[in-house]
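Please look over the sequence and the model below before reading on. The briefing that follows takes up a pocket, a ligand and the backbone in turn.

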Amino acid sequence: MTRRILLVNGPNLNLLGVREPGVYGSDTLEDVVALATETAAGLGFEVRAVQSNHEGVLIDAIHSARTDCEAIVINPGAFTHTSIALRDALAGVALPVAEVHLSNVHAREEFRHHSYVSPIAAFVIAGAGIQGYEFAVHRLAAILP
Ligand code: CA2
């Protein structure tokens, strides 16, 4: 059976590498997906990648993972700090969730310090740049049965 991880990237992450390289680095979203995909392949997993600027699209993608994915890696972008709906969707599918942030959100503005997602995440990685996605895939593979 195919073992699969859902990789979710939220709003504005399509701009990675294109704008604000000082904050988010010069790697692109394509690089993020390639890194996660290659890391997962080495551990026997496929990656299904979705990026959207629309909350409902992200929620639908999370719901769709319920039946055919074993875990979720998510950078919810700014929805981290605002979206109870996204958190409810993640909690609802009952898969292990890795919350990843490129930047160290705790060293930034106060409004980035709170995450609606963290309490339901298996673990959180912040400030490791795109390597955080690689760490997340490794850790998920280690904790999955
Ligand atoms: O550090 C992260 O990964 C964040 O999830 C990124 C979000 C931010 O709202 C969170 O607080 C922390 C923003 C993603 C926007 O990405 C851009 C990339 C390039 C240019 C502009 C935005």
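What volume does the largest pocket have? In this model, which is predicted rather than determined by experiment, the largest pocket has a volume of about 380 Å³. The ligand sits in this largest pocket, and the points below describe the pocket lining, the surroundings of the ligand, and two places in the backbone.

**The pocket**

- The largest pocket is lined by 18 residues, and of these Pro11, Asn12, Leu13, Tyr24 and Gly77 are the closest to its centre.
- When the lining residues of the largest pocket are sorted by character, 8 are nonpolar, 6 are polar and 4 are charged.

**The ligand and its surroundings**

- Around the ligand there are 17 residues, of which Asn75, His81, Leu102, Ser103 and Arg112 come nearest.
- The shell around the ligand is made up of 8 nonpolar, 6 polar and 3 charged residues.
- The side chain of asparagine 75 has an N or O atom at 2.8 Å from an oxygen atom of the ligand, and the side chain of arginine 112 places a polar atom 2.9 Å from an oxygen atom of the ligand.
- With alanine 78 the contact involves the backbone, where a polar atom is 3.4 Å from an oxygen atom of the ligand.
- Taken alone, the ligand would expose 500 Å², and the protein buries 95% of that area.

**Backbone angles**

- Most residues other than glycine have a negative phi.
- Asparagine 12, however, has a positive phi, near 75°, and this residue is placed in the loop between strand E1 (4-9) and helix H1 (21-24).
- Asparagine 12 is also among the residues closest to the centre of the largest pocket.
- Alanine 94, which is not a glycine either, has a positive phi of about 55°, and its place is in the loop between helix H4 (84-93) and strand E4 (97-101).

Technical notes: Residues numbered from 1 in each chain as written. Predicted model: local features only at pLDDT ≥ 70, side-chain atom pairs only at ≥ 80, totals over all residues. Heavy atoms only, no water. 1 Å grid on protein atoms, 1.4 Å probe; cavity = no way out; pocket = protein on both sides within 12 Å on 5 of 7 lines; lining within 4 Å. Points joined across faces, edges and corners; volume = space filled by probe spheres on them. Nonpolar A, V, L, I, M, F, W, Y, C, P; charged D, E, K, R; others polar. Near = heavy atom within 4 Å. Polar contact = N/O pair within 3.5 Å; in protein donor to acceptor, adjacent residues only side chain to side chain. Areas by Shrake-Rupley, 256 points an atom, 1.4 Å probe, with all protein chains shown as cover. Sits in = over half its atoms within 2 Å of the grid points. Helix = DSSP H or I, 4+ residues; strand = E, 2+ residues; numbered from the N terminus.
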